[in-house]
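User: I have a model open on my screen. Please walk me through its sheets, and give the criteria behind each term.

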Amino acid sequence: MRFLFNGCRLARTSLASRSIARHAFSTAPRQTARGKSKGSRSAPNFSKIASSNIHRLGDSFGEDVPGHTLSKNQQRQVSKTYAVFKKLAMARFDDFLRTEGWNEKKNEYMAFGVASGLDFDREAKLFRCTLGAACEQASEKDATKRKDNPLFWSLRNAFVAEDIKGLSGEIKYAFQSFLMRSRFPVSISNTHQKIADMRFPYEWYPATRALQRTIYLHVGPTNSGKTYNALKALENAKSGIYAGPLRLLAHEVYSRFVAKGKSCALITGEEQRIPKDVDTYFKSCTVEMTPLNQVVDVAVIDEIQMIGDVERGWAWTQAVLGVQAKEVHLCGEERAVELIQSLCAMLGDKCVVTRYERLSGLDTMHESLNGQLRNLRKGDAVVSFSRVGIHSLKKQIEDATGKRCAIVYGSLPPETRAQQAALFNDPDNDYDYLVASDAIGMGLNLEIRRVIFEATHKRDSSSYRQMSVSEIKQIGGRAGRYRTANHAIRASNLDDESAKSEPSGPGLVTALEDEDLAIVIKAFNSEPEPIKTAGIQPPTAAIERLSTYFPPNTPLSFIIRRLRAIAKLSPNFHLCTLKELEDISDLIQPFPMSIYDRCVFLNAPAALRDPNGPRVLQTFARCVSRMEGGNLVDMPELELELLDVNFENWSGTPADYLRKLEGLHKSITLYLWLSYRFTGVFTSQNLAFHVKDLVEGKINERLSRLSQSAENRRKRVEATRKAAEARRLAKQRMLGDLPEKPEHEGVGDWNEAGHEEPLYEDPSQLVITRMEPKSDKQTRH
């Protein structure tokens with residue numbers, strides 16, 4: 001995850017030169033920094049001026065330049081910076097002891113071998129001395145490398161990566177490691193290193209390695225026919241699998257196969273539709289649900305460039321390395337070719353690369369709409385990034401133009417989504433415009449003549465960022481579609497090529513505002529960086545095996561951090577972000593269960609940022625721990641009473657009403673996800689599906705009455721732009737112009753149901769919208 005660095009400063013000194021940067025707080029750029037956490041209020045005032053020097057100094061990645069020495073003045077500046085960092089680290093340790101000391105976590109510390117409060121105090125004093133010595137060694141002897149000063153190196157890395165929150169987490173792990181320092185002889189530590197050796201992840205799938213596979217790599221721009229040709233190979237096979245990044249894509253392929261009379265299952269994290277009375281059938285699934293224990297003729301893995309994603313890349317790597325298919329068709333961007341060829345060479349699989357050219361033209365315009373929705377033309381699609389934004393724009397467009405506007409986004413019910421797409425694609429009605437989520441960038445085939453970006457900045461895990469070159473080109477490339485999915489279905493049912501549609505002319509791409517159009521033009525004149533590494537995640541077997549070397553009550557988050565700290569990786573792979581896994585493991589730690597059951601929870605779609613999300617997760621963990629109590633109506637934490645509350649009787653604000661409904665929806669989604677993995681515990685699956693439908697109905701009814709003024713929309717987009725720019729500058733202070741580690745690839749939100757668009761990007765987006773009163777006019781959705 002990447003986090004907004006909030007402008008903390010470590011010391012007010014003059015701008016350090018780049019030579020100092022090579023010696024001071026320079027680290028591997030694993031992540032951008034996160035804003036100051038709520039728990040950092042007790043930090044001293046100097047933490048507010050913490051990062052300017054750190055990030056001015058952060059220009060290399062922890063290695064000295066051979067033969068380089070600092071001047072005395074530069075050395076004094078570095079020493080001063082490290083001295084202040086020492087105070088900051090000490091303050092965070094004191095804060096940790098106040099909130100997670102012996103009285104608060106007695107049982108946990110006993111697992112680390114601490115027998116009494118007196119022993120704990122003694123260990124805390126020893127660690128304080130060790131912490132101080134590490135900082136002084138960096139300040140006085142310039143010992144900042146991992147091999148020379150590992151404690152300081154890890155604390156510095158954590159602070160640069162995640163600011164105060166990262167430093168606090170690393171101090172917690174360092175203290176726990178300190179308590180464990182004498183528990184393991186050298187032989188056991190060496191065993192830990194062997195368990196954490198993840199240089200050869202393809203060895204995790206021995207059954208697949210016994211197959212001789214051929215990897216067909218289909219690469220090219222959007223609207224080039226690469227996915228169409230891969231799906232034709234799947235259709236002609238006797239058995240096969242489709243794996244895509246979004247539920248809506250899995251559903252689209254599922255519908256396509258069913259329409260052709262082929263038995264097909266739909267398998268996502270929260271829903272499984274299995275054909276009855278047949279033994280052999282195709283499977284259309286989200287990529288993390290790709291079955292790895294079944295031999296099939298053909299597998300299609302879509303959007304292969306997402307193998308490099310910092311959070312979700314592991315799912316693509318797992319599918320590519322583990323799927324047991326004689327033919328594996330990978331569809332995606334050109335920048336994935338070199339990495340995939342390298343992986344195939346490792347695996348001993350034959351690799352065949354087919355490159356495609358775009359089937360219709362695509363041009364970027366040199367004029368935006370100047371913020372005026374009345375400048376829209378028939379066939380235009382405006383792209384927004386949240387459901388609130390989509391519905392607000394629909395109302396504004398209809399008010400400004402007097403024409404109807406269709407809406408398409410991933411979490412719409414499939415039937416409604418198909419209906420809305422058909423209304424937009426039909427040239428003979430008054431649905432002239434479309435507002436869609438960025439999910440159209442991943443295969444929602446629509447007859448779009450012009451793509452218009454409402455904004456070019458979007459929210460990720462914690463803050464705003466400018467969209468990547470790849471994202472902008474992929475979404476913009478949906479303009480001027482050569483043929484829609486309906487065309488493809490009709491064509492495939494005919495023996496000749498007569499049903500093939502002709503190109504509809506060059507597609508056009510522009511933006512609503514001039515500021516965003518400049519970014520769009522720059523993106524289309526640029527090429528994204530090649531993908532250099534594939535993401536992996538520690539296998540459950542490694543976590544289970546490593547846990548056997550620790551006492552039973554050892555926090556799983558410590559074991560995960562330990563595995564991350566000692567992991568060995570090949571140059572072709574990167575370890576995906578484990579922060580959310582650590583957060584989930586801490587939340588479920590109080591409830592006794594096996595390591596395997598805990599690992600199941602680690603990949604659950606837990607809504608940790610929702611106010612009620614952690615409490616709901618713990619409720620479900622308690623049920624698994626007891627192996628009972630999973631009846632939906634017996635869980636007061638789910639707030640099912642919201643189903644009986646009409647908006648007219650709601651005593652809170654409209655924004656709170658929507659947030660509560662969205663929180664309930666996320667809770668039910670998590671319940672359904674768990675119901676497929678703990679079937680004997682969560683027994684109300686049918687009821688959960690019914691409740692989910694009811695909640696979605698209430699949310700959609702509220703969304704249909706959302707309204708927002710054009711002025712408020714502009715203010716929101718401008719605020720988003722400023723937040724993203726502030727983050728970019730902070731990242732530049734941290735990393736300079738050096739290469740970065742893997743980032744987010746593609747669209748959607750991995751923690752949303754179906755990995756699709758969120759309800760809102762930021763709570764403030766709900767505050768500046770309003771609810772229109774109910775009218776007798778029937779609106780089609």
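Analyst: Short questions and answers on the sheets follow. This is a predicted model, where local features need pLDDT of at least 70, side-chain atom pairs count only at pLDDT 80 or more, and totals for chains, interfaces and linings use all residues. Residues are numbered from 1 along each chain as its sequence is written, and side-chain values use heavy atoms, with hydrogens and water left out.

User: How do you know that β11 and β13 pair?

Analyst: Two strands pair if DSSP finds at least two bridges between them. Strands are DSSP runs of E, at least two residues, and helices are runs of H or I, at least four, numbered from the N terminus. β11 (residues 380-384) and β13 (residues 431-437) are joined by 5 bridges, so they pair, and they run parallel. Ser384 has Ser437 of β13 as its bridge partner.

User: What makes α14 packed on the sheet?

Analyst: Contact means heavy atoms within 4.5 Å. Helix α14 (residues 414-425) touches β11, β12 and β13. Its direction makes about 140 degrees with that of β12. Axes are lines fitted to C-alpha atoms, for helices over the stretch in contact, and angles run from 0 to 180 degrees between N-to-C directions. Helix α17 (residues 514-524) also packs on the sheet, touching β10, β14 and β17.

User: Which strands are in the sheet with mixed pairing, and why are β5 and β9 called edges?

Analyst: This open sheet has 8 strands, in the order β5-β4-β6-β3-β7-β8-β2-β9. β5 (272-273) and β9 (350-355) each have a single partner strand, so one side of each is left without a neighbour in the sheet.

User: How many bridges link β3 and β6?

Analyst: β3 (residues 240-244) and β6 (residues 282-286) pair over 4 bridges, in the parallel sense. Ala243 stands opposite Cys285 in β6.
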